[in-house]
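Thanks for sharing this one. Below are a few points that may help as you look through the structure.

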Amino acid sequence: MSDLHKILKEEYEKKVTITPNLLIEMIEEALETPAVFLIKEKDEAQSRTISVSMIPDIEVSELGWSDVRTPDGKGQPVKSRERELLENYLTNIVGEERGMKALPQKLAALSTLADNPAAFIESQQSGGTPAAKIRSVISFLVFYKTLTKIIANFNASSAGFSFESFLATLLGGVQIPASGADTIADFVDEDGIKVSLKLYRETSVHVDGSFVDLVGDLVGDGKMTYLVVTKDLKGARENLKGTLNFYKFDFTLDNVLEIMKDTKPASAICGILPIDAGDMADVEVPERVRITPEMIQDRFVQNLTQLVDDQGVVDAVFGDPHFQYGTEEFNDVAKTTGRVRAYTNMGNRGPRDRMAQILRGIPSLESYEPMEELVLSIAQALKQVEEEVETARRTRRETVAQIVPAYTGYKLPTRDTNKKTKALRTQNIKTAAYKSAAFYTDLSEDDKRRALLRSNGYLNELQFSLNKTEVIRLARDQKGGEDAEPLEGVLEVGTASLQTMLDASIAALNTDIFSIFSDLQLLSDSLNTFFAGGLQDDNEAVQAIQSADSIEGKTKEIRDEEE
């Protein structure tokens, strides 16, 4: 800060022209420690108020928050500026444990600030020195502001992705890219524990996923942790308020079929084993049909190359993101028709014209004459991929039916199934699921892995699901039984609750800190006015120098207290 004072004073006294670049450097120097709160003063006699908008603002960025390295920890991490900034704040939200084990402690500390900021500031959790207390309070407020922004300002899909990245950073972990991931997990925590994160409205909890991917994780790692967060919210954006409730449970190699047997029939059917079909070791496991964006794109390119006898045209088409499977541009014009999103309704003029317009936007195709044929060829090439995938899946199902014919006897009841038949089908599935779980319990670990790879859910690539009641029951049971508290923690979100925390926190902080915030604001305002006024207003220059002096002195006092 002394450097800023020196620069300002010398430049003011010498009346030398200050360049915009020099003034920007001065501002950056002044704000080396970020201005945290906006102080609005009506007059000296009235109390000063603070605005939530001036809590340090972190850009919400799934990509920017990602720790770019492989989930197994190999390779040198490459952290973006956004990741480092977020880490700098969130590492101050400490716990005695690490990773997921620290989550209840972190949530409890955050809740303490929300419930009683003054008590939190005086507790050991906030640190023993004034600087430590300030650091903790600001970090907690940044956490709440960023969390509120994620929940309030993004749709369900983008909020989920950003929330994954945010919690992964809080727990010192690494987010797993969705594209091509051969796991059901969303991130890996600091201890290498794989975590599948689910964010739902309180009234629509439906934890589901691929039983094939779940088995793959259990066979490989022995455990998959689920973190289920429910939103009980009212209002939107700046008027949003409510709570987030955190639940945790684990699927393990030992308990997975015990969990499945007590779920609804469509999920319980996953855990049925071929124990009545003889020795499971004799059941061959057909190769999975792996559907990844990369595989679909590769087949898409091959098919179009065969249909269009011009490699230059093919290269031009696939150089545009509208024809790269899985991109936002592709999803804007494609429709879900099965396992593969495909360009549909090309028999109608509207979709064909839209596709032609996109293609005309590619410079090398502006004057391409057989455009109608190209549009139809592109749609056909992707349709062929869809058909190839469905054929492969059908062939696999037929193979499974041949090697384990008993599985064909388990049919799920449908809406049109009569009441008696529905009851018989449900009971048939439940009986088999319970029998399979009992058989599975007595197997060795190696035999359990072998059994899961021959289960109905794995061989027939089924989906499992859990409702809210089942999630709460699992969370409670795994924390100690019927009398245990199922929640890992509860957080309040919303601008109103954040403002309350902010007001109470500032009131409990040292008054010198409050005045530093005020001086920082005055310094910033004076520099901005001085700059905007063509460097002519001497009063603003003097005010900036005085503010810099004040900040320097008070900051030195706090630093001396810290030492």
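**Notes on salt bridges and a helix contact**

1. Let me start with a long-range pair: the side chains of Glu202 and Lys468 meet in a salt bridge, with 2.4 Å from N to O. Please keep in mind here, and below, that this is a predicted model. The pair joins distant parts of the chain, 266 residues apart. Glu202 sits in the loop between strand 7 (194–201) and strand 8 (206–210), while Lys468 belongs to helix 20 (residues 468–478).

2. How buried or exposed are the two partners? Glu202 has 16% relative accessibility and therefore counts as buried, the cut-off being under 20%. Lys468, at 27%, counts as partly exposed.

3. The structure holds 19 salt bridges, and you may like to look at some within helices as well. Glu386 pairs with Lys383, the closest N and O atoms being 3.2 Å apart. Both residues lie in helix 16, three residues apart, which is about one turn of the helix. Glu386 is buried, with a relative accessible area of 7%, whereas Lys383 is partly exposed at 38%.

4. Helix 18 (residues 445–452) offers another pair: Glu445 and Arg449 form a salt bridge in which the closest N and O atoms are 3.9 Å apart. Because they are four residues apart in helix 18, about one helical turn separates them. Arg449 counts as partly exposed, at 22% relative accessibility.

5. Now to a helix contact. The axes of helix 15 (residues 349–360) and helix 16 (residues 371–403) come within 10 Å and cross at roughly 105°. An angle from 65 to 115 degrees counts as roughly perpendicular, so helix 15 is roughly perpendicular to helix 16. Helix 15 contributes Arg349, Arg352, Met355, Ala356, Leu359 and Arg360 to the contact, and helix 16 contributes Met371, Glu372, Leu374, Val375, Leu376 and Ile378.

6. What is the make-up of that contact between helix 15 and helix 16, in nonpolar, polar and charged residues? Eight of its residues are nonpolar, four are charged and none is polar. Salt bridges also link Arg349, Arg352, Asp353 and Glu372 in a network; Arg349, Arg352 and Glu372 are among the contact residues listed above.

7. One last detail, in helix 7 (residues 130–153), where Thr146 is found. A polar atom of the Thr146 side chain lies 2.8 Å from the backbone oxygen of Val142. Thr146 counts as buried, since its relative accessibility is 2%.

How values were computed. Residues numbered from 1 in each chain as written. Predicted model: local features only at pLDDT ≥ 70, side-chain atom pairs only at ≥ 80, totals over all residues. Heavy atoms only, no water. Axes fitted to C-alpha atoms, helices over the stretch in contact; angles between N-to-C directions. Helix = DSSP H or I, 4+ residues; strand = E, 2+ residues; numbered from the N terminus. Parallel < 35°, antiparallel > 145°, perpendicular 65-115°, else oblique. Contact = heavy atoms within 4.5 Å. Nonpolar A, V, L, I, M, F, W, Y, C, P; charged D, E, K, R; others polar. Buried < 20%, exposed > 50% of the residue type's maximum accessible area, 1.4 Å probe, protein only. Polar contact = N/O pair within 3.5 Å; in protein donor to acceptor, adjacent residues only side chain to side chain. Salt bridge = Lys/Arg side-chain N within 4 Å of Asp/Glu carboxyl O.
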